[in-house]
Amino acid sequence: MPQGDARRLPPRAYCAGGAWPEAVMEEHHGARVAQALAARLQAAIEKRGWSVAEVSRRSGVARYTIAKALAGEAWPDLLTIANLERALEVDLWPGREV
């Protein structure tokens, strides 16, 4: 298991088995939240039939940031999540159940 700062590594680094975002995750609550958020984001994008570019345009969040969140390569910040939720009209934050 990675040591030190819990955000030093990207969320997908905490995959214990399988590929992101369906992987079994290590005991790292933040990484599990990021995984659930990525899955919800992908589902919302698909439901709308939008591209990442369209989500970016409507939310004001950079395409690169959205792509990195979807790929588990970044820890999305609160403003990013809020802007995506508003644009997609969906709750992305999974809460404590993960």
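**Group meeting: E89, the salt bridges and the cores**

Okay, let me start with E89, which is exposed, with a relative accessible area of 64%. Before I go further, keep in mind that this is a predicted model.

E89 sits in the segment after helix 4. Its backbone is worth a look too: phi of E89 is near 55 degrees, a positive value in a residue that isn't glycine. Most residues other than glycine have a negative phi, and most peptide bonds are trans. On that second point, if you go to W20 and P21, you'll find them joined by a cis peptide bond, with omega at about 0 degrees. P21 is in the loop between strand 1 and strand 2, and strand 2 covers 24-25.

Back to E89, then. Which residue does E89 form a salt bridge with? It's R48, and the closest N and O atoms of the two are 2.8 Å apart. R48 belongs to helix 1, residues 29-48, while E89 comes after helix 4, so this pair ties together parts of the chain that are 41 residues apart in sequence. As for how open the two ends are, R48 counts as partly exposed at 34% relative accessibility, whereas E89 is exposed at 64%.

That brings me to salt bridges in general. Side chains of opposite charge can pair when their charged atoms come close. In this model the count comes to six salt bridges. Let me pick out E73 and R12, whose closest N and O atoms are 3.4 Å apart. Why does this pair tie together distant parts of the sequence? E73 is in the loop between helix 3 (63-70) and helix 4 (78-88), and R12 is in the segment before strand 1 (15-17), so the two are 61 residues apart in sequence. Both ends are partly exposed: E73 has a relative accessible area of 31%, and R12 has 40%. This bridge also has company, as salt bridges with shared partners join R12, K68 and E73 into one network.

Another one to click on is R32 with E27, where the closest N and O atoms are 3.0 Å apart. There, R32 is partly exposed at 24% relative accessibility, and E27 is exposed at 63%.

Now for the inside. In soluble globular proteins, nonpolar side chains tend to be buried together. Here the largest nonpolar core has 13 residues, and the members that touch the most others are L41, I45, V55, I66, L84, L88 and L92. Where does this core get its residues? Helix 1, helix 3 and helix 4 each supply at least two of them, and the largest share, four residues, comes from helix 1.

If you want one residue to centre your view on, try L84. Leaving out residues up to four places away in sequence, L84 touches L41, V55, S59, V61, I66 and L92. There's also another core apart from this one, made up of eight residues, among them A23, M25, A31 and A38.

You'll have noticed a serine in that list of L84 contacts, and that's my next stop. S59 is in helix 2, residues 52-59. Is S59 buried or exposed? With a relative accessibility of 10%, S59 falls under the 20% cut-off, so S59 counts as buried. Again not counting residues up to four places away, S59 touches I66, N83, L84 and A87. A polar atom of the S59 side chain also lies 3.1 Å from the backbone nitrogen of V61.

Last one: R58, which is in helix 2 as well. R58 is partly exposed, with a relative accessible area of 45%, whereas S59 counts as buried. The side chains of R58 and E54 are joined by a polar contact of 2.5 Å. Beyond its neighbours within four places in sequence, R58 is in contact with W50 and A87. A87 turned up among the contacts of S59 too. And if you'd like a distance across the model, the C-alpha atoms of R58 and A19 are separated by 29 Å, with their positions 39 residues apart along the chain.

To recap: R48 pairs with E89, E73 pairs with R12, and the largest nonpolar core takes its largest share from helix 1. That's me done, so over to you.

Definitions and conventions: Residues are numbered from 1 along each chain as its sequence is written. This is a predicted model: local features need pLDDT of at least 70, side-chain atom pairs count only at pLDDT 80 or more; totals for chains, interfaces and linings use all residues. Side-chain values use heavy atoms; hydrogens and water are left out. Buried means under 20% relative accessible area, exposed over 50%, partly exposed in between (1.4 Å probe, protein chains only). A polar contact is a pair of N or O atoms within 3.5 Å; within protein, one must be able to donate a hydrogen and the other to accept it, and residues adjacent in sequence count only if both atoms are side-chain atoms. Contact means heavy atoms within 4.5 Å. A salt bridge is a side-chain nitrogen of Lys or Arg within 4 Å of a carboxyl oxygen of Asp or Glu. A nonpolar core is a set of buried Ala, Val, Leu, Ile, Met, Phe, Trp, Tyr and Cys residues joined through side-chain atoms within 4.5 Å.
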